[in-house]
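User: I've got this model open and I'd like to know what backs up the labels people put on it. Can we go through a few?

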Amino acid sequence: MISKKKLMAIIDYELERKGITKSEVAVQLGVSKGTVSNLFNLKHKVGYMKFIELTRIAFGKYHHEYIEMFCKDSQEKVEREALEWAYSNSNMKVLKILLERATFKVKVNPIISVYELQMMRMEKKISIQDFFDQIENLTYTDPKNMDLATVILLGISTVYHYVDVAAYKAVAFKANNLLKQIQNIESAYLRMAYSLRVKVALIISSMKSNNLKLAKSIGDDLTNKETLEMFPLYFNNALVCLSEIFVFSNKRKSFSYIHHSVTLMNGGYFSENPKWQKIIKSTYDFVHIYHNDFNNLFLEDPAEMAHYLAKQSTPSEKEKAIAILDELERKNGYLTNFQTYYRALALESNRMMAAAKDQFYQSGDFFYAQLAGNLIENSN
């Protein structure tokens, strides 16, 4: 493992190689030039967030490998912003390291428990109901010891639960209230991070509720240079959602957004995050297969392979699609809304297509109910 001193030397070299001056670094970090010099001389303690931001300045995007090495070597006090960076960038390795550091304290801040629960949710190590129950327990247990940032993070957790159970109308009410409260948080970084979290949930809930005007507005708000630089995952999340939002109404826009997302992925973003790579690839496949554009597909997701085969004209390919979906149902115990739709496509069954439409509606997904609904109308 590379030491903190060596890591700082690597960053210093990269800055010099790119002609980025210490004065420019100071402006981006919001400190004096002297402070920057002292950071590199290790005369000042290099906190987690300072190092994280230095990697972004030096390399043009966060260097996850170096950040993980730094966190393993550093014994500095864990900042809330660093915890939030790890979660917002889906770096569970760093988040675990920081949480372990933070729990060495005699009195552990309740916010640590919230991050632990959110990490378990992201890694699917806790059920939807248990996640909600534990968040509720924290919310009403000793609230006097919670500051505003912790209270808001608990509120965001509740929003996540609403998304998980498809209570999309409840998301809007809670989210709008949270966005107002967030503006009272002292840390600019946390204000931005928490706001983006809430807005991403709002995009999803608005799209599923078929409130596309609001979903588009939030998506446009998130796809800016600052979000890309500081929170590339949320920027990408907005791109993926916008690609879906336009899938029925504007093929060119739908393709443009998902192609941008793929370009970021190919440019090294999300290289440490196979989950997001999978989401990007499967969304790319879905929007292209929907429009019968079968060139350059990834087809790494079995469901999208079934989607592709179901759209082909030969009975043998449709049978392969059904075999894949049968295996997914056997393995998981059920078919998702999309998988039921793909089966209806393969079987060319209006009855099953109607069942797929009902399945979308029953799950609160009024937007994608159009998938099945449009085909039923066309066949009639």
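Analyst: Let's take two helix pairs and then two pockets, keeping in mind that this is a predicted model.

User: Why are helix 10 and helix 11 called roughly antiparallel?

Analyst: It's down to the angle. Helix 10 (residues 148–164) and helix 11 (residues 168–182) pack at about 165°. Angles over 145 degrees count as roughly antiparallel, so helix 10 and helix 11 get that label. Their axes are 9 Å apart, and helix 10 passes helix 11 in a left-handed crossing.

User: How do you know which residues of helix 10 and helix 11 meet?

Analyst: The test is heavy atoms within 4.5 Å. On the helix 10 side, the residues include Leu-148, Ile-152, Gly-155 and Tyr-162. Among their partners in helix 11 are Tyr-168, Val-171, Lys-174 and Leu-178. By class, this contact has 12 nonpolar, 3 polar and 1 charged residues. Gly counts as polar and Tyr as nonpolar, so Gly-155 goes with the polar group and Tyr-162 with the nonpolar one.

User: What makes helix 6 and helix 7 roughly antiparallel?

Analyst: Same reasoning. The axes of helix 6 (residues 80–88) and helix 7 cross at roughly 155° and come within 8 Å. The cut-off is over 145 degrees, so helix 6 and helix 7 are roughly antiparallel. The crossing of helix 6 past helix 7 is left-handed. Helix 6 brings Ala-82, Leu-83, Trp-85, Ala-86 and Tyr-87 to the contact, while helix 7 brings Met-92, Val-94, Leu-95, Leu-98 and Leu-99.

User: How many residues of the contact of helix 6 with helix 7 are nonpolar, polar or charged?

Analyst: The split is 10 nonpolar, no polar and no charged. Ala, Val, Leu, Met, Trp and Tyr count as nonpolar, so every residue in that contact falls in the nonpolar class.

User: On to the pockets. What makes a residue part of the lining of the largest pocket?

Analyst: A lining residue has an atom within 4 Å of a pocket point. The largest pocket holds about 2400 Å³ of space. It has 49 lining residues, with Lys-124, Asp-164, Lys-208, Lys-275 and Ile-279 closest to its centre. Helix 17 (residues 274–290) gives the most, 7 residues. The lining counts 28 nonpolar, 10 polar and 11 charged residues.

User: And what lines the second largest pocket?

Analyst: That pocket holds about 310 Å³ and has 13 lining residues, with Ser-90, Met-92, Glu-272, Asn-273 and Pro-274 nearest its centre. Helix 5 supplies the largest share, 3 residues. By class, the lining has 3 nonpolar, 4 polar and 6 charged residues.

Terms used: Residues are numbered from 1 along each chain as its sequence is written. This is a predicted model: local features need pLDDT of at least 70, side-chain atom pairs count only at pLDDT 80 or more; totals for chains, interfaces and linings use all residues. Side-chain values use heavy atoms; hydrogens and water are left out. Axes are lines fitted to C-alpha atoms, for helices over the stretch in contact, and angles run from 0 to 180 degrees between N-to-C directions. Helices (H or I, at least four residues) and strands (E, at least two) are DSSP runs, numbered from the N terminus. Angles under 35 degrees count as roughly parallel, over 145 as roughly antiparallel, 65 to 115 as roughly perpendicular and the rest as oblique. A crossing is left-handed if the near helix is turned anticlockwise from the far one by less than a right angle, and right-handed if clockwise. On a 1 Å grid over the protein atoms alone, a cavity is a set of points where a 1.4 Å probe fits but cannot get out, and a pocket is an open set with protein on both sides within 12 Å along at least five of seven lines; lining residues have an atom within 4 Å of a point. Grid points are joined across faces, edges and corners, and a volume is the space filled by probe spheres set on the points.
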